[in-house]
Amino acid sequence: MEERKRQPYRKRLAGFSAVVVLLFLILGFRLWYLQIAKGDYYSELAAGNVMKTVTTSAVRGEIVDKNGVVLARSIPKFALTLDWTDLQKTNGDWKNVVKTLAGYIKPYWPYPNQSADLITEDILVMIRNQQWESYQTVVILEDAPSQLQAVIAEHSNELPGVSIEAIAERVYPQKTLLGQVLGYVREISEDEIIQFNEQAEANGDTYEYTQGDLVGKMGVEKSYDTWLRGNHGVELVNVDSKARPVDKEIVKEAEPGKTLQLTIDSKLQRVMEDELDKVIKSIQKKHPDAQAGAAVILNVKTGQVLAMASHPYMDPNDLTGIISEETATRYFSSEDAASFNRAIMGLYPPGSTFKMITAMAALEAGVVSPNDYFADSMSSLGPLEVQKQGIAEWGGNNFGRVNLYSGLAHSSNIYFQIIGRRVFDKDPELIKKIANEFGLGVASGIDIPSEGTGIAPSPSWKKEYFKPYYDRKHTENLQEIEDKYTELLAKAKDQDEKDALLLQKDNEITLEDQDYQGKIDFYVNWRLFDSFNNSIGQGYNSYSLIQLANYVATIVNGGNHYRPYVVDKIIDPVSGEILQQNKPQLLNKVSVSQQNLNEIKKAMAAVTSGEGTAAWLFRDVPEFTGGGKTGTAQIGSKGTSGGDNYNGMFVAFAPYDNPEIAFAGVVEYGGHGSETAGYVAKAAFKQYFGWK
């Protein structure tokens with residue numbers, strides 16, 4: 001009886017046991033399937049879920065003038081963006097979100113005839129091209145109008161992952177003011193990523209440039225990019241096995257760039273640019289080719305650049321974003337490209353503004369004293385054969401008997417050729433040596449890129465520069481003769497023909513040797529006409545405006561040659577702390593004695609007073625005391641295309657006692673310096689000193 005009662009329970013227990021065994025078998029099989037049969041697959045799939053490090057851009061720092069006037073800043077521009085990570089949280093309905101978004105933005109889409117479906121496709125392409133590669137926010141519209149911003153805010157519940165974000169846009173509020181000095185920014189190129197990162201590594205900078213970074217392309221923006229750029233922020237993005245981001249975490253906020261305070265006075269800069277533009281437009285009536293010019297003002301005691309202008313002017317705002325072919329041509333490819341900073345990159349024959357160098361060399365060499373007089377006529381150069389290699393007095397003038405003071409005041413070509421020849425005869429390298437000491441023909445070291453070096457010529461320079469070319473041509477010509485007669489001799493019928501060919505060969509070699517020696521004598525060896533030409537700032541002389549201004553500053557500050565610079569301070573924008581202050585850097589003391597420097601300063605004062613070539617310029621400014629030098633620099637040699645064209649050059653300083661500033665300016669194809677660049681100096685001096 002008891003056994004019959006237990007029988008049903010045993011059957012039930014057996015059934016339950018079978019079920020349990022079956023479940024364990026199923027679970028065991030599933031475990032085997034997942035861990036063994038499909039183990040490699042799921043291992044690979046799991047490996048696909050990784051954390052990706054994504055960088056976020058920093059806001060670029062401001063650039064201000066010495067008085068705090070903003071010259072460059074980054075301002076927010078409201079962009080319509082789409083965050084793929086947030087969009088993924090829509091339970092697979094993200095394509096409908098994109099389609100809905102396309103409908104809302106159609107009235108504001110840059111292509112009005114495009115349908116909502118095509119806009120949807122465009123957005124999907126943006127996602128594929130940008131988001132799945134960088135895991136960063138996709139920018140749908142860079143500049144969303146306020147009406148669209150309101151629409152997006154009103155329908156935010158329908159548009160997960162869609163938002164209006166403020167992105168930084170680089171703007172230059174003063175437009176063309178100081179354009180070439182400031183430079184501009186654009187997105188870094190693939191080639192530049194490698195270049196910039198190599199430079200950063202070499203400087204011990206841990207920053208890593210990536211695609212999408214905005215970097216300086218010229219001027220202060222380029223040379224101080226390390227300070228202006230700020231530091232990337234860092235986000236961690238969790239990416240699934242299909243390379244789609246599913247979540248993100250902000251690890252480090254982006255740090256804004258630092259503020260650069262320049263040595264430039266924007267009011268002085270504005271006056272100088274306006275006057276330079278006015279002068280060029282005025283002079284075009286007489287000289288139609290006058291289209292360009294430049295000017296620089298330095299603090300003579302520090303090397304600080306107070307103003308630097310280059311015409312045609314450049315508006316850095318034109319070079320952000322997409323630029324047209326016309327804009328690219330105007331700024332980079334035209335004959336008078338506006339991106340070319342003529343103040344530091346342009347190299348000009350200095351003309352008569354160089355004559356102070358010749359005078360200092362002559363005084364130092366002891367070949368002349370300030371009060372030695374010479375007759376201002378060609379006969380003073382020497383016999384007729386010598387006179388043929390000299391340059392006649394400008395304008396057909398004869399200034400009578402001239403010494404250092406009257407010679408510089410009248411800009412006598414005869415006087416400086418006489419004393420220059422004496423210097424070259426006594427010490428052929430002295431003029432170059434002194435020119436280099438004053439910063440001519442050597443890099444100034446200014447803290448913006450791409451400055452030109454120029455040439456301070458001498459006999460050794462001429463030989464080193466030209467001889468390798470003529471040696472190479474001579475070797476090539478001899479080889480041609482050798483090859484020619486090797487072929488002819490191989491075809492000769494008999495010995496008589498060979499002998500005749502060998503005689504011809506010897507004659508050709510002799511003629512080639514004579515031609516080579518003639519070219520060496522004329523183009524390589526220093527000639528008397530080289531001494532005459534270079535003594536008055538012509539010949540091979542070529543210098544930049546920043547060099548000429550610094551050379552004048554060095555004369556009047558007592559012989560201290562400073563490195564010019566345009567950035568004064570680097571400031572933390574949050575705390576206001578000065579992180580770095582550029583200080584005057586003395587490059588060298590010149591070898592010219594203080595007495596001789598004073599004589600040159602006195603002679604320069606004669607140029608702007610009495611009967612000097614620039615005396616008329618400052619007659620209506622009674623407060624002016626100082627000095628200067630005019631220059632009418634011949635662009636090419638006589639008989640060449642530029643032989644009858646002249647640049648208007650002018651250098652000056654003020655005041656005479658305890659000088660503060662030095663100026664150098666040029667108007668290309670402008671003729672006389674006092675009538676062109678001189679006006680720019682006058683306007684700038686009046687602004688700086690507050691003269692009426």
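In this predicted model, the largest nonpolar core has 125 residues. Within this core, V220, M308, I357, F438 and Y551 have the most contacts. Helix 21, residues 545–556, supplies the largest share of the core, with nine residues. A second core of 23 residues is separate from it. V98, W109, L148 and L159 are among the residues of this second core. In soluble globular proteins, nonpolar side chains tend to be buried together.

The surroundings of F438 were examined next. Residues up to four places away in sequence were not counted. F438 touches I357 and Y551. The contacts of F438 also include M360, Q547, N550, T554 and I555. H561, V590, V592 and L597 complete the list for F438.

An open sheet was then traced. Its five strands follow the order 12-11-21-20-19, and their pairing is antiparallel. Strand 12 (305–311) and strand 19 (627–634) stand at the edges. Each has a single partner strand, so one side of each lacks a neighbour in the sheet. On average, neighbouring strands of this sheet are turned by 10° against each other, with direction ignored.

At one edge, strand 12 pairs with strand 11, which spans residues 293–299. The two strands are antiparallel and share six bridges. One bridge joins I297 to A307 in strand 12. At the other edge, strand 19 pairs with strand 20 in the antiparallel sense, over eight bridges. Here, G628 has A652 of strand 20 as its bridge partner.

Strand 19 has further surroundings. Helix 22, residues 594–607, lies across strand 19 and strand 20 (646–654). The helix runs at about 75° to strand 19. Seven of the eight residues of strand 19 are buried, so this strand is largely enclosed by the rest of the structure. The edge position of strand 19 therefore concerns the sheet, where one side has no neighbouring strand.

Strand 19 also contributes to a pocket. The second largest pocket holds about 1,100 Å³ of space. Its lining is made up of 39 residues. I391, I536, Q538, Q634 and Y646 lie nearest the centre of this pocket. Strand 19 gives the most to the lining, with five residues. At least two lining residues each come from helix 18 (459–491), helix 19 (495–524), helix 20 (528–535) and strand 19.

Terms used:
Residues numbered from 1 in each chain as written. Predicted model: local features only at pLDDT ≥ 70, side-chain atom pairs only at ≥ 80, totals over all residues. Heavy atoms only, no water. Pairing = 2+ DSSP bridges. Helix = DSSP H or I, 4+ residues; strand = E, 2+ residues; numbered from the N terminus. Axes fitted to C-alpha atoms, helices over the stretch in contact; angles between N-to-C directions. Contact = heavy atoms within 4.5 Å. Core = buried A, V, L, I, M, F, W, Y, C linked by side-chain atoms within 4.5 Å. Buried < 20%, exposed > 50% of the residue type's maximum accessible area, 1.4 Å probe, protein only. 1 Å grid on protein atoms, 1.4 Å probe; cavity = no way out; pocket = protein on both sides within 12 Å on 5 of 7 lines; lining within 4 Å. Points joined across faces, edges and corners; volume = space filled by probe spheres on them.
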